[in-house]
Amino acid sequence: MTFSEKIKSKYTPKRLAVKLNAKGEQFVIKGHPWVFSNNITKINTDAKPGDLAIIFSKNKNRVIGLGLYDGNSPIRIKMLHNSAEKVEINDAFFHNKIEDAYKKRLGLLKTKTTSYRLLFGENDGFPGLIADVYASVLVVKLYSEIWLPYLESIIKSLQKVSKVETIVIRLSRGLEQSTLHHFQNGEVIFGTLENDVVQFVEHSVTFSANVIKGHKTGYFLDHRENRKRVGEFSKNKTVLDVFSYAGGFSVHALYNGAKEVTSLDISKQALEIAVQNGKLNKCSGKHHVIAGDAFVELKKLINNKQTFDVVVIDPPSFAKQQSEIELAKRKYKQLAELGVKLTAKGGLLVLASCSSRVLAQSFFDINLQVLNNQSRNFINILNTFHDTDHPIGFPEGAYLKCGYYQFE
């Protein structure tokens, strides 16, 4: 099967006339990219994933937005265009959006960096679709069937704009079960790939990502600027990188002259990658690894009276649903308490969260509450958010926050 045959959809999307209740209409007018099922008052009964939803205002019967129908999600319509301005959803529409997204990343690409997020889902106008570039390889991650009828056009535009040589498609678990496509998760759909592991550069530091089997698209790009900053703090220091995954913070620290770095993660496989990533660069510092549950292992380090000049704690999301928010807050509080005990005199504690449901101010308040309750003097020297290739287009699109706390 050729490239075009593989990505060409057999389904031609229909046009759906949609009306919403007052709440849903306000969401669309204010530019929100989601319309929930309980906000829809009128829609065709035979709608299929990817059908074009034309949203009419409740009273004046004029078009106020366009989106794609997704019957498999409580977010029933993913918005493409929140405006009464007339547009055609066609190849040119998607190509222009991709070009606009690429222009936003140009500054980043001038920083000795060859990896970046080209499309950040809803925030770049592509809800349920992520596109990450690793050197000459583009990884497209699909989370919804809505894109299948449009994928041929989008893939061709992504290749044209990014000029990559290879494109890999990754599928969410739900998409793997779908019968509406012929893809395999991790399949190379354009060009060739000699090795599943691809090397790339991040602010002059060399890393690798398994673009076929690695988590998400193979690596986490969102903390890039924080990793660079932690590296700059790390010269001649001892560093602890908690929830290290592939060693992003660890390797930047080693590259910048850290004496000793300890990567802690529950995954032995991830730690092996972290060590290998360190070896891709000229580093003289020692790289230790600890495999185990972070909460357990941090307590062991405290019992052994170990401290570090720089401590970075960057856990996975603790609140994937609304009911988990309070538990997530307790975990962040506990990690901050453990981090304080592990940070040496004059040291730096870096605390991060990627739980979108725990708002930034709430997360920073938790950290400050913990730090103010201990006897050491500290300065909150910096709070940071997303890197430039993760632009925020709506409130729920913001998830990453990171606080830097310098002890005196």
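Seven strands make up an open sheet here, lined up as E16-E15-E14-E17-E18-E20-E19 with mixed pairing. (Strands, E, are DSSP runs of at least two residues, helices, H or I, are runs of at least four, and both are numbered from the N terminus; two strands pair if DSSP finds at least two bridges between them.) Keep in mind that this is a predicted model: local features need pLDDT of at least 70, side-chain atom pairs count only at pLDDT 80 or more, and totals for chains, interfaces and linings use all residues. Residues are numbered from 1 along each chain as its sequence is written, and side-chain values use heavy atoms, with hydrogens and water left out.

**The seven-strand sheet**

- Strand E16 (286–291) and strand E19 (378–384) sit at the edges with a single partner strand each, so one side of each has no neighbour in the sheet.
- On average, neighbouring strands of this sheet are turned by 15 degrees against each other, direction ignored. (Axes are lines fitted to C-alpha atoms, for helices over the stretch in contact, and angles run from 0 to 180 degrees between N-to-C directions.)
- Strand E14 (residues 238–242) pairs with strand E15 (residues 260–265) in the parallel sense, over five bridges; Thr-238 has Glu-260 in E15 as its bridge partner.

**Helices lying across that sheet**

- Helix H6 (residues 224–233) lies across strand E17 (308–313), strand E18 (343–353), E19 and strand E20 (401–407), and runs at about 10 degrees to E20.
- Helix H8 (residues 268–279) lies across E15 and E16, running at about 175 degrees to E16.

**The six-strand sheet**

- There's also an open sheet of six strands, in the order E2-E6-E5-E4-E1-E3, again with mixed pairing.
- Its edge strands are E2 (34–36) and E3 (40–42), each pairing on one side only.
- The twist from one strand to the next averages 45 degrees.
- Strand E1 (residues 15–20) runs parallel to E4, and five bridges join the two; Arg-15 stands opposite Leu-52 in E4.
- E4 and E5 run antiparallel, also joined by five bridges, with Ile-55 opposite Gly-65 in E5.
- Strand E5 (residues 63–69) and strand E6 (residues 75–81) pair in the antiparallel sense over four bridges, and Gly-67 has Met-79 in E6 as its bridge partner.
- Strand E4 (residues 52–56) is mostly covered, with four of its five residues buried. (Buried means under 20% relative accessible area, exposed over 50%, and partly exposed in between, using a 1.4 Å probe and protein chains only.)

**Lys-19 and Asn-61**

- Lys-19 belongs to strand E1 and is partly exposed, with a relative accessible area of 24%.
- Leaving aside neighbours within four places in sequence, Lys-19 is in contact (heavy atoms within 4.5 Å) with residues including Asn-39, Thr-41, Phe-56 and Asn-61.
- The side chains of Lys-19 and Asn-61 are joined by a polar contact of 3.1 Å. (That is a pair of N or O atoms within 3.5 Å; within protein, one must be able to donate a hydrogen and the other to accept it, and residues adjacent in sequence count only if both atoms are side-chain atoms.)
- Asn-61 takes a positive phi near 60 degrees in the hairpin of E4 and E5, which has six residues between the strands.
- The C-alpha atoms of Lys-19 and Leu-240 are separated by 54 Å, and the two residues are 221 residues apart along the chain.

**Two packed helices**

- Helix H3 (residues 91–104) and helix H4 (residues 151–162) pack at about 35 degrees, with their axes 9 Å apart.
- Among the residues that meet are Phe-94, Ile-98 and Tyr-102 in H3, and Ile-154, Leu-158 and Val-161 in H4.
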